[in-house]
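Welcome! Take a moment to turn the model around on your screen, and then let us walk through it together.

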Amino acid sequence: MTRWFGAAFYQLHPLLQSLHSNGGRLWGEVEINTGSGLAAVVGKRLARRLGIPLQARSGFQVNIRHTPEALLWQRSFSGGRQMDSAFRPYGNWPDGGWVENTGPFTLKLGVDIVDGGWYWRLREARWHGLPVPLALLPHSEAGKRAVDGRYVFDVVFSLPLLGRVLSYRGVLDAQPLGAEAAGAH
């Protein structure tokens with residue numbers, strides 16, 4: 001992780017540095033919203049595909065761990081299915097990025113660092129290995145930052161003409177890997 005970011009790694013908030021170097025568990029409650037009218041129909045369909053429950057609030061947990069080749073995330077909503085992602089780095093920051101594999105989708109993502117936060121930028125998408133024009137996908141904004149020792153994140157999907165179709169956001173507590181054994185909560 002530090003090798004990929006280089007000196008820019010230290011621009012990230014220390015909580016993000018720790019979670020993305022050592023792994024950990026995040027948990028809390030998230031707020032889930034869909035648009036209105038046709039945007040709500042599209043948002044609900046997208047939520048079902050992603051395993052996001054169709055309720056205003058949900059419990060949420062993310063487990064983050066590392067292998068020498070990848071950053072591994074397991075996300076789960078209460079009442080939803082688990083969504084596993086493997087992020088593999090290529091190149092170096094700021095021109096390099098991360099390849100996320102989630103089911104049949106492969107996404108190439110860039111990273112922006114803003115005020116200590118980490119914000120993903122979609123560069124390329126593939127479905128079962130075939131290129132997908134970005135104009136056919138919902139525009140996504142996803143980022144995370146630390147505030148008062150907690151992990152704050154926002155994920156928003158929107159479409160031209162419809163606007164926001166689905167979003168989920170929350171403030172989560174963080175527990176570094178190994179903290180359970182030490183009795184920390």
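How do β7 and β9 pair, and over how many bridges? Keep in mind that this is a predicted model. In it, β7 and β9 pair in the antiparallel sense, with three bridges between them. One place to look is Trp118, which stands opposite Lys144 in β9.

From β9 you can step on to β10. These two strands also run antiparallel, and nine bridges join them. Lys144 turns up again here, since its bridge partner in β10 is Phe153. β9 and β10 form a hairpin with two residues between the strands, and Asp148 in that hairpin takes a positive phi near 50 degrees. Asp148 lies in the loop between β9 (139-147) and β10 (150-159), and it has this positive phi although it is not a glycine. As a rule, most residues other than glycine have a negative phi, and most peptide bonds are trans. Is Asp148 buried or exposed? Asp148 is exposed, with a relative accessible area of 75%.

Now go back to β7 and follow the pairing the other way. Strand β7 (residues 117-127) pairs with β6 in the antiparallel sense over 10 bridges. Leu107 has Ala125 in β7 as its bridge partner. These two strands form a hairpin as well, with two residues between them, and Asp115 in the turn has a positive phi of about 50 degrees.

β6 (residues 105-114) is in turn joined by five bridges to β5 (residues 97-102), and the two run antiparallel. Here Trp98 stands opposite Leu109 in β6. β5 and β6 make a hairpin with two residues between them, where Gly103 in the turn has a positive phi of about 60 degrees.

Two loops deserve a visit. In the loop between β7 and β8 (130-132) you will find His128. Its phi is near 50 degrees, a positive value in a residue other than glycine. His128 is exposed, with a relative accessible area of 55%. In the loop between β4 and β5 lies Pro94. A cis peptide bond joins Trp93 and Pro94, with omega at about 5 degrees.

Next, look inside. The largest nonpolar core has 37 residues, and Phe5, Tyr151 and Tyr168 touch the most other members. What does Tyr168 touch, leaving out residues up to four places away in sequence? Its contacts include Ile32, Ile52, Phe60, Phe77 and Val155, and also Phe153, the bridge partner of Lys144. Glu31 and Asp154 are touched by Tyr168 too.

Finally, consider the empty space. Rolling a probe the size of a water molecule over the atoms shows where such space is left. About 1,200 Å³ of it lies in the largest pocket. Of the 41 residues that line this pocket, the closest to its centre are Leu46, Leu50, Met83, Leu107 and Phe157. You have already met Leu107 as the partner of Ala125, and Phe157 is among the residues that Tyr168 touches. The lining divides into 26 nonpolar, five polar and 10 charged residues.

The second largest pocket has a volume of about 250 Å³. Its lining has 15 residues, and Met1, Arg3, Pro68, Pro89 and Trp98 lie nearest its centre. Both α1 (2-5) and β4 (82-90) supply at least two residues of that lining. By class, eight residues of the lining are nonpolar, five are polar and two are charged.

Key: Residues numbered from 1 in each chain as written. Predicted model: local features only at pLDDT ≥ 70, side-chain atom pairs only at ≥ 80, totals over all residues. Heavy atoms only, no water. 1 Å grid on protein atoms, 1.4 Å probe; cavity = no way out; pocket = protein on both sides within 12 Å on 5 of 7 lines; lining within 4 Å. Points joined across faces, edges and corners; volume = space filled by probe spheres on them. Nonpolar A, V, L, I, M, F, W, Y, C, P; charged D, E, K, R; others polar. Helix = DSSP H or I, 4+ residues; strand = E, 2+ residues; numbered from the N terminus. Pairing = 2+ DSSP bridges. Buried < 20%, exposed > 50% of the residue type's maximum accessible area, 1.4 Å probe, protein only. Core = buried A, V, L, I, M, F, W, Y, C linked by side-chain atoms within 4.5 Å. Contact = heavy atoms within 4.5 Å.
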